[in-house]
Amino acid sequence: MTKTQQGQENVNRALNVRSTCVARNDGGVGKVLRNTVGQQNGIGQLSASGALPDNVGRSFFDGNEAITFLSDSAQHGWQGAYAAVTHEQPHETERRPIPAVWIAAALTKTSLRRIIRGRENYDPSIPSNVAVVTITPPGESARDVIGLAAKALHVFLSNTVIDEVAAEILRGGAKGLAVAPVFCVGDPVMTPLLHIVQQALQDPPAEAHLKVDHLTRALAAHVLFLGHGAEPARPANDLAARQMRILREYIESNLAGEISIADLANLLGLSRTQFLRRFKASTGTSPYQRVMEIRVEKAKELLATPRMSLSEIAAVCGFANQAHFAALFQRFVKLSPAAFRRQF
């Protein structure tokens, strides 16, 4: 199994299995705040599509000269999530409340002092070998002191995504459910998920959208379980053979274009979270992985004849470009497209 496939399996597991993590200190996990899922506390409402409002993104860090953006998802068209990799000089800052869950993880060694609701937490030595996460619930302000220059990953999840996931995976749904604040918790489950977020920032948008739709819901599921032991709903039912056939036909007919989780879920009249859970229960894999497999299957069929160039095959099969096609084909087939064609 490749690192990418292993990472995708971790995404699947987070959507289907209740996860645990170990706090790094006694004050690591704060009490559950009374900001229930979907409650905005007067902050601007989110759109029904799950898009994040304008004040969640780069503008969240406006005016902080200690922060430099290395990459972010602003131009990627992600729905329900924003992510950024930053380099941060030592600084102190007041984090204003926003209508989204904010996950922050240090990618290099640093220190963090945080005051939230009058409670102070301090970790003088945050390592970089595992995702040590700090989670801020929606509508909460905090004062942070970054003690050492560091590289960090920030991920914001819309309340719409949190609501949808809670309704589908927890008994009793989202009603009255609170997101727990977390301070500097070493989380081995979230580590591969956040690693895939970083990868997705470098992926072509056509490939990243399927991955990110799945990934945001895996992160939301883990955030909901983390800190308060929410009870999971019963296992998802399989999709019917007719539904799987509808999906296959749609994917094959739209390979050259962009295929989203929302498109596939709408075909079957399901929410995105319902669809992801039932697809995984039926196939043992993710829609992203299956779409990539079908693209590679089609490419193998076209490579068996000399009529089309590699760049033409890449376009027909929905790869971003010939280099993207070659990389994905090598990953799945263990041969380059040219080497595969020479077999015929």
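Trainee: Which strands each supply at least two residues of the lining of the largest cavity?

Mentor: β5, β6, β8 (132-136), β9 (142-146) and β10 each do that. Keep in mind that this is a predicted model. As for the general idea, rolling a probe the size of a water molecule over the atoms shows where empty space is left. Here, the largest share of that lining comes from β5, with four residues.

Trainee: How many cavities of 30 Å³ or more does a search of the whole structure find?

Mentor: Two. The largest has a volume of about 220 Å³. Its lining is made up of 18 residues, and those closest to the centre are Ala 104, Ala 106, Leu 112, Ile 146 and Ala 152.

Trainee: On to the rings. How many aromatic pairs does the structure hold?

Mentor: There are twelve aromatic pairs in the structure. Take Phe 60 and Trp 102: their ring centres are 5.0 Å apart and their planes make an angle of 70 degrees, an edge-to-face pair. When you read the angle, planes over 60 degrees apart count as edge-to-face. This pair links distant parts of the chain, as Phe 60 sits in the loop between β1 (22-23) and β2 (67-72) while Trp 102 is in strand β5 (residues 100-106), 42 residues away.

Trainee: Is Phe 60 buried or exposed?

Mentor: The cut-off to remember is that under 20% relative accessible area means buried. Phe 60 has 7% relative accessibility, so Phe 60 counts as buried. Trp 102 has a relative accessible area of 3%, so Trp 102 is buried too. Phe 60 also pairs with Phe 156: the centres lie 5.2 Å apart with the planes at 70 degrees, so that pair is edge-to-face. Again distant parts of the chain are linked, since Phe 156 belongs to strand β10 (residues 150-158), 96 residues from Phe 60. Both Phe 60 and Phe 156 are buried.

Trainee: Which residues form one aromatic cluster with Phe 60?

Mentor: Phe 61, Phe 69, Tyr 82, Trp 102 and Phe 156 form that cluster together with Phe 60. One of these rings, Phe 69, has Arg 58 over its face, at 4.2 Å from the ring centre.

Trainee: Where does Arg 113 lie?

Mentor: Over the face of Tyr 122, at 4.0 Å from the ring centre. Now look at the strands: Tyr 122 in β7 is the bridge partner of Arg 113. Strand β6 (residues 110-116) and strand β7 (residues 119-126) run antiparallel and are joined by six bridges.

Trainee: How many residues lie between β6 and β7 in their hairpin?

Mentor: Two. Arg 117 is in the loop between these strands. For backbone angles, check the sign of phi and the residue type: the phi of Arg 117 is near 55 degrees, a positive value in a residue other than glycine. With a relative accessible area of 53%, Arg 117 is exposed, because the exposed class starts over 50%.

Trainee: What is the phi of Cys 184 near?

Mentor: Near 45 degrees, again positive in a residue other than glycine. Cys 184 belongs to strand β11 (residues 182-186). Cys 184 has 1% relative accessibility, so Cys 184 counts as buried.

Trainee: And how many disulfides does a search of the whole structure find?

Mentor: Zero. As for another cysteine, Cys 317 counts as buried because its relative accessibility is 0%.

Conventions
Residues are numbered from 1 along each chain as its sequence is written. This is a predicted model: local features need pLDDT of at least 70, side-chain atom pairs count only at pLDDT 80 or more; totals for chains, interfaces and linings use all residues. Side-chain values use heavy atoms; hydrogens and water are left out. Rings of Phe, Tyr and Trp (its six-membered ring) pair if their centres lie within 6.5 Å; planes under 30 degrees apart count as stacked, over 60 as edge-to-face and the rest as tilted. Buried means under 20% relative accessible area, exposed over 50%, partly exposed in between (1.4 Å probe, protein chains only). A charge sits over a ring if NZ of Lys or CZ of Arg is within 6 Å of the ring centre and within 35 degrees of the ring normal. Two strands pair if DSSP finds at least two bridges between them. A disulfide is a pair of cysteine sulfur atoms within 2.5 Å. On a 1 Å grid over the protein atoms alone, a cavity is a set of points where a 1.4 Å probe fits but cannot get out, and a pocket is an open set with protein on both sides within 12 Å along at least five of seven lines; lining residues have an atom within 4 Å of a point. Grid points are joined across faces, edges and corners, and a volume is the space filled by probe spheres set on the points.
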